Amino acid sequence: MKILVTLSGQEIAPRFDLTTEVMIATCGKHGELEDARIVVLPHPSADNLCHFIVKEGVNAVICGAIEEEYFQYLLWKKIKVFDSVIGTATEAIKHFVKGTLVPKQILT
């Protein structure tokens, strides 16, 4: 399973459409983190980011605020979206792997 987290430094980016950096993490069948990499995008674009997500075969997206149009597009593509999440990418991935991550969650 591939998880994409929008980034602003180590934190989840507050806005999907302004993201220029993402983390893509791969989890194994038993929830173990197998791989994680950072990808720098050429410029902020929600359209290009959605295309990148689909092209990469991402199964879940963890992000801050996302416009309804992009949220619905990703759902239509059968990608789970955890939006309005606040905290670090590392904490978000830990919660996702444990199955405790929910939209609009503030991670401490």
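Helices and strands are here DSSP runs, with at least four residues for a helix and at least two for a strand, numbered from the N terminus. The exercises below concern a predicted model.

**Exercise 1. Overall architecture**

Task: State which pattern of helices and strands the chain follows, and establish how its radius of gyration relates to the globule rule.

Solution.
Step 1. The chain contains three helices and six strands.
Step 2. In sequence order, these elements give the pattern β-β-β-β-α-β-α-β-α.
Step 3. For 108 residues the globule rule gives 13 Å, and the radius of gyration of the chain is 12 Å, close to that value; the chain is therefore as compact as a globular protein of that length.
Step 4. The C-alpha trace spans about 30 × 25 × 25 Å along its principal axes.
Step 5. Buried residues make up 46% of the 108 residues. Among contacts with a separation of 6 or more, 42% join residues 24 or more positions apart.

**Exercise 2. The nonpolar cores**

Task: Determine which elements give two or more residues to the largest nonpolar core, and describe the surroundings of L4.

Solution.
Step 1. In soluble globular proteins, nonpolar side chains tend to be buried together.
Step 2. The largest nonpolar core of this model comprises 20 residues, and L4, F16, I53, V61 and L74 have the most contacts inside it.
Step 3. Two or more residues of this core come from each of strand 3 (21-27), helix 1 and helix 2 (68-76). Helix 1 gives the most, namely five residues.
Step 4. With neighbours within four places in sequence set aside, L4 is in contact with V22, M23, I24, F52, I53, V58, A60, V61 and I62.
Step 5. A second core, separate from the one above, has 17 residues, including L7, I12, F82 and A89.

**Exercise 3. Salt bridges**

Task: State how many salt bridges a search of the whole structure finds, and explain why the pair K2 and E56 ties together parts that are apart in sequence.

Solution.
Step 1. Side chains of opposite charge can pair when their charged atoms come close.
Step 2. The search of the whole structure finds four salt bridges.
Step 3. In one of them, K2 pairs with E56, with 3.6 Å between the closest N and O atoms. Since K2 belongs to strand 1 (residues 2-8) and E56 to helix 1, the pair ties together parts that are 54 residues apart in sequence.
Step 4. The two partners may be classified by relative accessible area: K2 is partly exposed at 23%, whereas E56 is buried at 18%, buried being under 20%.
Step 5. D17 and R15 form a salt bridge whose closest N and O atoms are 2.7 Å apart. R15 is partly exposed, with a relative accessible area of 41%.
Step 6. E91 and K94 also form a salt bridge, at 3.6 Å from N to O. Both residues lie in helix 3 (residues 89-98), three residues apart, or about one turn of the helix. E91 is partly exposed at 23%, and K94 is partly exposed at 45%.
Step 7. Through shared partners, salt bridges join K2, R37 and E56 into one network.

**Exercise 4. The buried face of helix 3**

Task: Identify the buried residues of helix 3, and explain why they line one face of the helix.

Solution.
Step 1. The buried residues of helix 3 are A89, A92, I93, H95 and F96.
Step 2. Viewed down the helix axis, these residues fall within an arc of 165°, and therefore line one face of helix 3.
Step 3. They pack against strand 1, strand 2 (11-12), strand 3, strand 4, strand 5 (60-62) and strand 6 (80-82).
Step 4. Just after helix 3, G99 adopts a positive phi of about 85°.

**Exercise 5. Two buried polar side chains**

Task: For S45 and Q105, decide whether each is buried or exposed, and identify the backbone nitrogen beside each side chain.

Solution.
Step 1. S45 is in the loop between strand 4 (33-40) and helix 1 (46-56). Its relative accessibility is 18%, so S45 counts as buried.
Step 2. A polar atom of the S45 side chain lies 3.1 Å from the backbone nitrogen of N48.
Step 3. Q105 is in the segment after helix 3, and counts as buried at 15% relative accessibility.
Step 4. A polar atom of the Q105 side chain lies 2.9 Å from the backbone nitrogen of V102.
Step 5. Apart from neighbours within four places in sequence, Q105 is in contact with S84, V85, I86, H95 and T100. Of these contacts, H95 is one of the buried residues of helix 3.

Notes: Residues are numbered from 1 along each chain as its sequence is written. This is a predicted model: local features need pLDDT of at least 70, side-chain atom pairs count only at pLDDT 80 or more; totals for chains, interfaces and linings use all residues. Side-chain values use heavy atoms; hydrogens and water are left out. Buried means under 20% relative accessible area, exposed over 50%, partly exposed in between (1.4 Å probe, protein chains only). A polar contact is a pair of N or O atoms within 3.5 Å; within protein, one must be able to donate a hydrogen and the other to accept it, and residues adjacent in sequence count only if both atoms are side-chain atoms. A nonpolar core is a set of buried Ala, Val, Leu, Ile, Met, Phe, Trp, Tyr and Cys residues joined through side-chain atoms within 4.5 Å. Contact means heavy atoms within 4.5 Å. A salt bridge is a side-chain nitrogen of Lys or Arg within 4 Å of a carboxyl oxygen of Asp or Glu. The arc is that of the directions from the helix axis to the C-beta atoms. The radius of gyration is taken over C-alpha atoms; the globule rule is 2.2 Å times the number of residues to the power 0.38.
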